[in-house]
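Visitor: Could you take me in for a close look at a single part of this model, the helix at the start of the chain, and then follow its links outward? I work with computed structures, so please give me the cut-offs as you go.

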Amino acid sequence: MNITIENIECYLLIIVRISAFIFSAPVFSTHGIPMKVKVFLSVFVSLIVYNTIEVTLPPYGGVISFAILVLQESIVGLILGFITNACLYIVNYSGRMIDMEIGLSMANMMDPATKLQTSITGALYTQVVSLLLIVSNMHYYLIRAIVDTFNFVPIGETIFHRGLFEIMQSFMFDFFVVGFRIILPIFGMMLITNVVLGVLARIAPQMNMFVVGMQLKVFAGLVVLVLIASTLPMVADYIFDLMKEYLSLFVKALAP
């Protein structure tokens, strides 16, 4: 195969989209994966795409036009990587809300994967769902998804439809709805606990309900967390289905 400037430019545009996705997608974007591995994966997947999928370089007129193509491809990769990562942040949000309810919100920790401060339950839920993502081979699906985008969204033919804003609105609604569904058992237990504390405050006003309530909430919350731990695989499946749904919606919204 003859190596021409056109071939190199086409390959570089492929790398831009795939690397932008890998550096922003869940699991691949974590700090635990070395930078060299991310770069090698981007180059390797781009090479496979270039040799297996018919990708043509759109006409452009000068350096500025090519820079616009590079920016366009990077935005496509970042949008798709961001939406998949945002789906994973649902469980982190749920964990933060759980810790606020049971009284562990001040016990923050540094998440080694994202290098950000997070709550204990949020970090636990995120790590468990990330492991389930790898075990279920969902990371292979993400790679196949970004590869298939070249069939639906060719290079240089991306159109940012107005529907992107509506899809993002729908996602934000699902973000909070799914997050609240995950923490409903904790909310239910805290409601019962508050009712019990209110009754005790009327029966025994000499008791310090503030001290008793803090310990009782932590104990009840930990018990419920242990009981609902078996539902995490079902939660992960729902999150992965949400990833697939919104990946498909965003690809359709970006397609010409």
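**Starting from helix α1**

Guide: Happy to. Helix α1 covers residues 5-22, and its 18 residues reach 25 Å from the first C-alpha to the last, close to the 26 Å expected at 1.5 Å a residue. Helices here are DSSP runs of H or I with at least four residues, while strands are E runs of at least two, both numbered from the N terminus. The expected span is 1.5 Å times one less than the number of residues. Before going further, note that this is a predicted model, where local features need pLDDT of at least 70 and side-chain atom pairs count only at pLDDT 80 or more, whereas totals for chains, interfaces and linings use all residues. Residues are numbered from 1 along each chain as its sequence is written, and side-chain values use heavy atoms, with hydrogens and water left out.

Helix α1 is mostly covered, with 13 of its 18 residues buried. Buried means under 20% relative accessible area, exposed means over 50%, and partly exposed is in between, with a 1.4 Å probe and protein chains only as cover.

One residue of α1 deserves a stop: R17 forms a salt bridge with E73, their closest N and O atoms being 2.7 Å apart. This pair links distant parts of the chain, since R17 is in helix α1 and E73 in helix α3, 56 residues apart. A salt bridge is counted when a side-chain nitrogen of Lys or Arg lies within 4 Å of a carboxyl oxygen of Asp or Glu. A search of the whole structure finds one, and both R17 and E73 are buried.

Both partners of that bridge also meet T158. Leaving aside neighbours within four places in sequence, T158 is in contact with R17, Q72, E73, V76, V153 and L254; contact means heavy atoms within 4.5 Å. T158 sits in the loop between α5 and α6 (163-182), and T158 is buried because its relative accessible area is 8%. Its C-alpha is 7.4 Å from that of Q72, although the two residues are 86 apart in sequence.

Back on α1, the last stretch of the helix meets α2 (residues 35-52). S42, in helix α2, touches I18, S19, I22 and F23, not counting residues up to four places away in sequence. S42 has a relative accessible area of 2%, which means that S42 is buried. K38 is in helix α2 as well, and its contacts, again without neighbours within four places, are I22, F23, F28, S29, T30 and I33. With 7% relative accessibility, K38 therefore counts as buried. Between the two helices, the loop from α1 to α2 holds V27. Phi of V27 is near 70°, a positive value in a residue other than glycine, and at 15% relative accessibility V27 counts as buried.

Now follow E73 into its own helix. Helix α3 (residues 63-102) has 40 residues, which should span 58 Å at 1.5 Å a residue; the end C-alpha atoms are 57 Å apart, so the two values agree. There is still a kink of about 30° in α3, centred on L88, where the bend at a residue is the angle between axes fitted to the seven residues ending there and the seven starting there. C87 is also in helix α3. C87 is buried because its relative accessible area is 0%, and outside its neighbours within four places in sequence it is in contact with F171, I239, L242 and M243. C87 and Y125 are 38 residues apart in sequence and 13 Å apart in space, C-alpha to C-alpha. After α3 comes G103, whose phi is positive, near 95°.

One more backbone angle to compare with V27 when you rotate the model: N137, in the loop between α4 (120-135) and α5 (138-152), has a positive phi near 65°, also in a residue other than glycine. N137 is partly exposed because its relative accessible area is 41%.

To sum up the part you asked about: α1 is mostly covered, and its R17 is joined to E73 by a salt bridge, with T158 in contact with both partners.
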